[in-house]
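Please look through the sequence and the model below before reading on. The paragraphs after it are meant to be read with the structure open alongside.

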Amino acid sequence: MILGSHVGMGGKEMFLGSVKEAISYGADTFMVYTGAPQNTRRKEVSELRIAEAKAKMSEVGIQNFIVHAPYIINLGNAAKEETFQLGVDFLVTELQRTEAMGSETLVLHPGSHVGEGIDVGISQIVKGLNLVFEQYNGPVKVALETMAGKGSEVGSRFEELSRIYDGVTNNNMLRICFDTCHVNDAGYDLVNDTEGVFKEFRRFFPTNQIAAVHLNDSMNPRGAAKDRHANVGFGTLGFDTLLRICNMDFLSNTPIILETPYVPREGAKEREFAPYKFEIEMIRKGVFDPELLERVRKEALGE
């Protein structure tokens, strides 16, 4: 399996720091934002230290990584034209930045219909993607993420993503990002019928359309539509379910990315310590460690 996690990017090292962080976790791949996910402020590509980052990746054998588009992009918004247009324009920019960094996959939350209804939302997303692909037709693919169904999100059902594919003229530019927490929270039974869920997925897409997996446990029961990630093995999906997904043959060359929560300091509310090194190790060993979170805390505190 090709296994990694979300990593940060900032400070003086920028993208080079992202690669170093991934290496510190023992990762084969990683996911990064090109800037803060909540806004449009971005450093110039020339400031990202891309050449140094690529050299470091080559040095350790990391061959690919993925980029996540910012949350502020909402192509599903038909209520505010300025919000929709911002999404179109900024998605084009993010595709260009992703290409410059050397990734071929940009993960995108499809969008929210903001009360206008699912059909309007899908139609608006199709419109937005068609406008984007009129301006960008490079090597980077947009991987539509499976969503949990929170609020007015579009994309919690496989058929909704399929309708987007069907409406986009240049849909060879599209792929899927399969988020395990979101799929669970959307109502699919990954725990008791993993094969059945992927059989349902294949009704709409060949599995080679999965460009990335977000491997997250869920704090919520199936169908909760809440989207709250849990650490691997500490949620309602459980370790065995997530390991089963990791070991599926058709995902052997697909980046699997952890977006699990940081572990808080005992008695503290703020997230403190990255768990990814320990989770990656546990998944590779194939054995659940119920003491994992405590191990994370102890190493971080030097105990």
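What follows is a walk through this predicted model, from its sheet to a helix and then to its aromatic rings.

The sheet is the place to begin: 8 strands, paired in parallel, close into a barrel in the order E1-E2-E3-E4-E5-E6-E7-E10. From one strand to the next, the twist averages 30°. Strand E1, residues 2–6, pairs in the parallel sense with strand E10, residues 255–258, over 4 bridges, and Ile2 stands opposite Pro255 of E10. Helix H3, which spans residues 81–101, packs on the sheet and touches strands E2 (29–32), E3 (66–68), E4 (105–108) and E5 (141–145), while its direction makes about 145° with that of E4. Helix H7 also packs on the sheet, where it touches E6 and E7, and the direction of H7 makes about 160° with that of E6.

Strand E5 deserves a separate look, with E4 as its partner in one pairing and E6 in another. E4 and E5 run parallel and are joined by 4 bridges, with Val142 of E5 as the bridge partner of Leu106; between E5 and E6 there are likewise 4 bridges in a parallel arrangement, and here Ala143 stands opposite Arg175 of E6. The connections can be followed in space as well, since E4, helix H4 (residues 118–135) and E5 make a right-handed β-α-β unit, and E5, H5 and E6 make a right-handed β-α-β unit too. In a regular strand, side chains alternate between the two faces of the sheet. In E5, Lys141, Ala143 and Glu145 point one way and Val142 and Leu144 the other way, yet all are buried. Because 5 of the 5 residues of E5 are buried, the strand is largely enclosed by the rest of the structure.

Helix H7, residues 194–202, shows how burial can be distributed around a helix, with Thr194, Val197, Phe198 and Phe201 buried. Viewed down the axis of H7, these buried residues fall within an arc of 95°, and they therefore line one face of the helix. Glu195 and Lys199, on the other side of H7, are exposed. The cover over the buried residues of H7 includes helix H5 (158–167), strand E6 (174–179), helix H6 (180–185), strand E7 (210–215) and helix H8 (239–246).

The aromatic rings offer another route through the model, which holds 16 aromatic pairs. One of them is formed by Phe158 and Phe201, an edge-to-face pair with 5.3 Å from centre to centre and 85° between the planes. Phe158 belongs to helix H5 and Phe201 to helix H7, so the pair ties together parts that are 43 residues apart in sequence. Phe158 counts as buried at 1% relative accessibility, and Phe201 is buried with a relative accessible area of 0%. In another pair, the rings of Phe239 and Phe288 have their centres 5.8 Å apart and their planes at 40°, so this pair is tilted. Phe239 lies in helix H8 and Phe288 in the loop between helix H9 (276–285) and H10, so that distant parts of the chain, 49 residues apart, are linked. Phe239 is buried, with a relative accessible area of 7%, whereas Phe288 counts as partly exposed at 30% relative accessibility. Ring pairs also link Phe158, Tyr165, Phe178, Tyr188, Phe198, Phe201, Phe205 and Phe250 into a cluster.

Key. Residues are numbered from 1 along each chain as its sequence is written. This is a predicted model: local features need pLDDT of at least 70, side-chain atom pairs count only at pLDDT 80 or more; totals for chains, interfaces and linings use all residues. Side-chain values use heavy atoms; hydrogens and water are left out. Buried means under 20% relative accessible area, exposed over 50%, partly exposed in between (1.4 Å probe, protein chains only). Helices (H or I, at least four residues) and strands (E, at least two) are DSSP runs, numbered from the N terminus. The arc is that of the directions from the helix axis to the C-beta atoms. Contact means heavy atoms within 4.5 Å. Two strands pair if DSSP finds at least two bridges between them. Axes are lines fitted to C-alpha atoms, for helices over the stretch in contact, and angles run from 0 to 180 degrees between N-to-C directions. A crossover is right-handed if, with the strands pointing away from the viewer, the path from the first strand over the helix to the second runs clockwise. Rings of Phe, Tyr and Trp (its six-membered ring) pair if their centres lie within 6.5 Å; planes under 30 degrees apart count as stacked, over 60 as edge-to-face and the rest as tilted.
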